Amino acid sequence: MRILALIIYILAELQPDGSAVITEQWDIDASRGTEMYLTRSNLGDIEIKDFSVIGDGTVFINEGEWDIDRGIGEKAGRCGIVHKNDGVELCWGLGSYGHHSFTASYTMTNAVKSLNDYDKLHLQMVSPGINPSPDEVTICIKAPVGLNDTNTRIWGFGFEGTSAFSEDGSVVFQSTEPFSRNSSAIVLLRFDKGIFASSSTENHDFDDDLQRALEGASFEDDDDGAPLAVLITSLLFGALCVSAVVSAEKKKTKNILGCKKKEIKWYRDIPCEGDIIIADYILNRLDEMSRDTVASAMILRMIDSGIILVSSDRNGHIELSFNPAADIGSLSGPERGLYDMMKEASGSDMILQHNEFRRWSARHTTRIAKWAASVPKEGQKRMTERDLIAGKTFLAPGQECARNLLGFRKYLKDFTLVNERHSIEVGLWHDTLAFAALFGIAEKVAQELKEINPKAFEETFPGDPDITFQTIRMTRLMANSITNAHASSGMSSGGFGGRTSFGGGGGFSGGGFGGGCR
């Protein structure tokens with residue numbers, strides 16, 4: 001089986017002020033160089049802030065200004081920024097050769113631009129010239145409200161792949177072919193007014209940007225033949241409905257929480273009586289899910305209960321197998337569905353690797369879509385049976401459950417600020433990690449728990465701690481595979497999603513040339 005040299009997953013969480021909080025997860029098999037770096041140039045009024053790196057579960061020391069002229073050992077566990085005339089390089093130490101998983105996070109201010117008629121995001125998320133060229137790239141973009149084909153248009157350039165609206169309200173760009181040296185990933189999104197309040201303005205209409213980006217572009221599956229101008233103008237009416245959409249969002253939030261989100265306080269106990277399917281339903285109703293992270297949480301639960309077994313191959317890569325003595329009858333419907341898909345993807349040797357599940361998911365998008373739809377249905381059923389909701393209306397106990405869930409997430413995200421005064425009971429660490437996986441922050445929380453009490457961490461998660469972190473990363477990658485396959489099950493074109501174009505994309509900000517190992 002071929003080992004992928006570089007897999008990149010990028011999550012861009014757009015903020016109401018138009019800034020973008022970007023998290024890049026790089027899984028790499030490195031055989032040369034002393035450091036990793038990202039190049040970000042052509043920034044205009046964009047500033048790069050709050051750069052941080054986690055490598056293989058370890059939080060790196062930020063040195064500020066980075067010195068590239070050092071050895072691999074001197075750079076290990078450290079990160080920093082090189083300022084150049086045309087932008088910056090975000091750098092961190094490679095540490096050693098072999099397999100690594102790095103998570104680089106930073107904020108780009110003024111990423112969303114306010115135009116005369118719409119707002120836009122036009123960024124080069126992956127630069128050409130990365131060494132080694134990525135084998136797989138996924139980009140997920142979230143906004144303060146759910147994105148869909150009534151308030152947003154999407155185009156992708158610079159690579160062979162797809163773009164799609166996901167049912168969770170995010171936009172997903174997914175490569176379908178390995179990158180070449182000249183490949184890049186450029187995203188162009190058009191937003192209706194009212195979603196953002198960006199102070200970065202450009203005095204022209206969106207169509208000026210679109211026409212420039214479409215020069216040299218070719219989208220293969222524009223099957224309906226509708227003229228681009230018709231597709232663009234057909235939904236001008238949507239701009240008139242923005243205020244109504246925002247009002248509906250506030251009303252929906254009040255129904256679910258019984259209060260405003262900003263009023264949510266920390267909650268330190270396991271919420272929803274430990275039921276991650278109910279928690280997933282609530283998050284989906286709040287448009288708070290960035291991907292099908294519930295799969296990651298389910299797999300961690302199956303590992304904790306001994307249904308799934310974890311081991312590593314001779315190259316140190318994590319493998320999952322299926323315990324023949326386990327009681328799979330204890331699994332719920334969605335859990336059993338996920339278990340069966342994983343087992344089928346493992347092939348004749350019944351040993352599952354991430355790449356096997358990714359390829360299987362890409363070939364079984366309809367089955368993935370049916371499974372994804374089954375999870376919120378089960379969540380709604382459980383909430384109804386427990387008198388938490390009536391129809392889609394949240395009753396008082398259901399609102400309390402939702403508030404506790406968001407409060408627990410807030411507590412875990414702020415955990416570094418409070419862990420010297422409050423620590424989570426060791427007996428709850430398995431449940432805590434499952435919910436952290438649902439929230440998409442399992443690696444961060446696991447690192448915090450390990451730092452708070454290393455001995456308890458080893459006793460709770462026996463074996464090599466690195467295996468624990470690799471297992472968390474593998475479950476996250478499998479969840480990403482589900483999201484990508486789910487998004488690919490219903491695509492359209494002309495700004496509604498579909499194929500990306502290798503050519504075109506001109507007029508973007510950010511990016512540059514180079515990156516990766518050096």
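The paragraphs below go through the strands, the cavities, the aromatic pairs and two loop residues of this structure, which is a predicted model.

Strand S1, residues 6-14, and strand S2, residues 20-30, are a good place to start. The two strands run antiparallel and are joined by nine bridges. Within this pairing, isoleucine 10 of S1 has glutamate 24 of S2 opposite it. S1 and S2 form a hairpin, with five residues between the strands. Glycine 18 lies in that turn and has a positive phi of about 90 degrees. S2 is mostly covered, since nine of its eleven residues are buried.

S2 has another partner in S9, and the two pair in the antiparallel sense over eleven bridges. One of the facing pairs here is threonine 23 with serine 105 of S9. As background to these pairings, strands of a sheet pair through backbone hydrogen bonds, either parallel or antiparallel.

Strand S9 covers residues 98-108 and also pairs with strand S4, residues 48-55. This pairing is antiparallel and runs over six bridges. Isoleucine 48 has methionine 108 in S9 as its bridge partner. S4 in turn is joined by two bridges to strand S5, residues 58-59, and S4 and S5 run antiparallel. In that pairing, glycine 55 stands opposite threonine 58 of S5. S4 and S5 form a hairpin with two residues between them. Aspartate 56 is in the turn, and its phi is positive, at about 50 degrees.

The next topic is internal space. The model contains three cavities of 30 Å³ or more, and the largest cavity holds about 70 Å³. Which residues lie nearest the centre of the largest cavity? They are Trp26, Leu38, Arg40, Ser127 and Ile130, out of a lining of 15 residues. By class, that lining is made up of eight nonpolar, five polar and two charged residues.

Several strands contribute to this lining. S1, S2, strand S3 (35-41) and strand S11 (119-126) each supply at least two of the lining residues. The largest share comes from S3, with four residues.

Trp26 also belongs to an aromatic cluster, in which ring pairs link it with Phe60, Trp92 and Phe102. The structure as a whole holds 15 aromatic pairs. One of these is formed by phenylalanine 191 and phenylalanine 196, and its geometry is edge-to-face. The two ring centres are 4.9 Å apart, with 65 degrees between the planes. Phenylalanine 191 is buried, because its relative accessible area is 0%. Phenylalanine 196, at 8% relative accessibility, also counts as buried, because the cut-off is under 20%.

Phenylalanine 191 leads on to a further sheet. Strand S16, residues 185-191, pairs with S13 in the antiparallel sense over six bridges. In this pairing, phenylalanine 191 of S16 stands opposite threonine 152. Both strands belong to an open sheet of four strands, in the order S10-S11-S16-S13, with antiparallel pairing. Strand S10 (112-114) and strand S13 (152-157) each have a single partner strand, so they stand at the edges and one side of each is left without a neighbour in the sheet. On average, neighbouring strands of this sheet are turned by 20 degrees against each other, direction ignored. S11 of this sheet is also one of the strands that supply the lining of the largest cavity.

The last part concerns a loop between strand S18 (318-322) and helix H7 (333-345), where leucine 331 is placed. Aspartate 327 is also in the loop between S18 and H7. Is leucine 331 buried or exposed? Leucine 331 is buried, because its relative accessible area is 14% and the cut-off is under 20%. Aspartate 327 has 54% relative accessibility and so counts as exposed, for which the cut-off is over 50%.

Each of these loop residues can also be placed against a residue elsewhere in the sequence. Leucine 331 and methionine 298 are 33 residues apart in sequence, and their C-alpha atoms are 9.9 Å apart in space. For aspartate 327 and serine 305, the separation is 22 residues in sequence and 9.4 Å in space, again C-alpha to C-alpha.

Key:
Residues numbered from 1 in each chain as written. Predicted model: local features only at pLDDT ≥ 70, side-chain atom pairs only at ≥ 80, totals over all residues. Heavy atoms only, no water. 1 Å grid on protein atoms, 1.4 Å probe; cavity = no way out; pocket = protein on both sides within 12 Å on 5 of 7 lines; lining within 4 Å. Points joined across faces, edges and corners; volume = space filled by probe spheres on them. Nonpolar A, V, L, I, M, F, W, Y, C, P; charged D, E, K, R; others polar. Pairing = 2+ DSSP bridges. Axes fitted to C-alpha atoms, helices over the stretch in contact; angles between N-to-C directions. Phe/Tyr/Trp six-rings, centres within 6.5 Å; stacked < 30°, edge-to-face > 60°. Buried < 20%, exposed > 50% of the residue type's maximum accessible area, 1.4 Å probe, protein only.
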